[in-house]
Amino acid sequence: MTMTRWFFEPGHTAAEFCARHMMVTYVRGQFKNVHGFIEVDPDEPEKARIEATIDATQVYTGQPQRDAHLRSADFFDVENHPAWTFVGSRVDQLSATEFAVTGDLTVRGTARPVTFDVTYLGQWDTPWWEEGQNLGPRKRAGFSARARINRHDFGVSWNDVVDQGGVVVSDLVDVTVDVEAVLEASVQPA
């Protein structure tokens, strides 16, 4: 068994959330400072190990006042909880390119089990530039992961009502993580 380790290339990895706003539209936010890794034996993907960290202080929705409100204790409380983490504990292979990855997502210091539907997008040998020099090729792999969470499960519970019994922010939030992972090295199991 040969484990391979892939690190998330932060410049090409991002997380996005999407929540219903004012009962009429959706608002999206992004996190670009996402780090992590995948350790996997290509012959036994169900034994993969996945970890990811998101810098919640860098939330971006395109509207500075909303971003500041999201960073406040009403929502993400980044002063006390600047990072979110995901630690995958179970991988179920559903097809050649589809996986269900379950693990603990920690937001605001609260960990809850979440299952992401993951699509493997393939891999390619690519250039690898450092200090103006191509040190490639380096193998890259792509993944897209999606989950729907209830924000109240993580203590993100601020809301307000609007006319006719509506609310400002939906309870359910869709999360998407797009990962470009770079092959680091082979790792022998302990």
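**Charges over rings**

I started with R138, which lies over the face of W128, 4.6 Å from the ring centre. I keep in mind that this is a predicted model. I then looked up R5: its charged end sits over the ring of F37, at 4.0 Å from the centre.

**Ring pairs**

Next I went through the aromatic pairs, and the count comes to eight. F31 and F76 make one that is tilted, with 6.2 Å centre to centre and 50° between the planes. I checked where the two rings come from: F31 is in strand β3 (residues 25-31), while F76 is in the loop between α1 (64-71) and β6 (83-93). The pair therefore ties together parts that are 45 residues apart in sequence. F31 and F76 are both buried.

What kind of pair do F76 and W84 form? Their ring centres are 4.8 Å apart and their planes stand at 90°, so I noted this pair as edge-to-face; the cut-off for that label is over 60 degrees.

I looked up accessibility for these two as well. F76 has a relative accessible area of 6%, so I put it down as buried. W84 comes out at 12% relative accessibility and so also counts as buried, given that buried means under 20%.

Following the ring pairs onward, I got a cluster that links F17, F31, F76 and W84.

**The nonpolar core**

I turned to the largest nonpolar core, which has 42 residues. Which members touch the most other members? They are F31, F76 and F116. Strand β14 (residues 169-187) gives the most to this core, with six residues. As background, nonpolar side chains in soluble globular proteins tend to be buried together.

F31 and F76 I had already met as a tilted ring pair, so I took F116 next. Leaving out residues up to four places away in sequence, F116 touches F86, F99, A100, V101, A145, R146, A147, V175 and V177.

**Y60**

My last stop was Y60, in the loop between β5 (44-55) and α1. Is Y60 buried or exposed? Its relative accessibility is 51%, so Y60 counts as exposed; the cut-off is over 50%.

I then listed what Y60 is in contact with, ignoring neighbours within four places in sequence: R28, G29, Q30 and D67. For R28 I also looked up the backbone: the C-alpha atoms of Y60 and R28 are separated by 8.6 Å, and the two residues are 32 apart along the chain.

Methods:
Residues numbered from 1 in each chain as written. Predicted model: local features only at pLDDT ≥ 70, side-chain atom pairs only at ≥ 80, totals over all residues. Heavy atoms only, no water. Phe/Tyr/Trp six-rings, centres within 6.5 Å; stacked < 30°, edge-to-face > 60°. Helix = DSSP H or I, 4+ residues; strand = E, 2+ residues; numbered from the N terminus. Buried < 20%, exposed > 50% of the residue type's maximum accessible area, 1.4 Å probe, protein only. Lys NZ or Arg CZ within 6 Å of the ring centre and 35° of its normal. Core = buried A, V, L, I, M, F, W, Y, C linked by side-chain atoms within 4.5 Å. Contact = heavy atoms within 4.5 Å.
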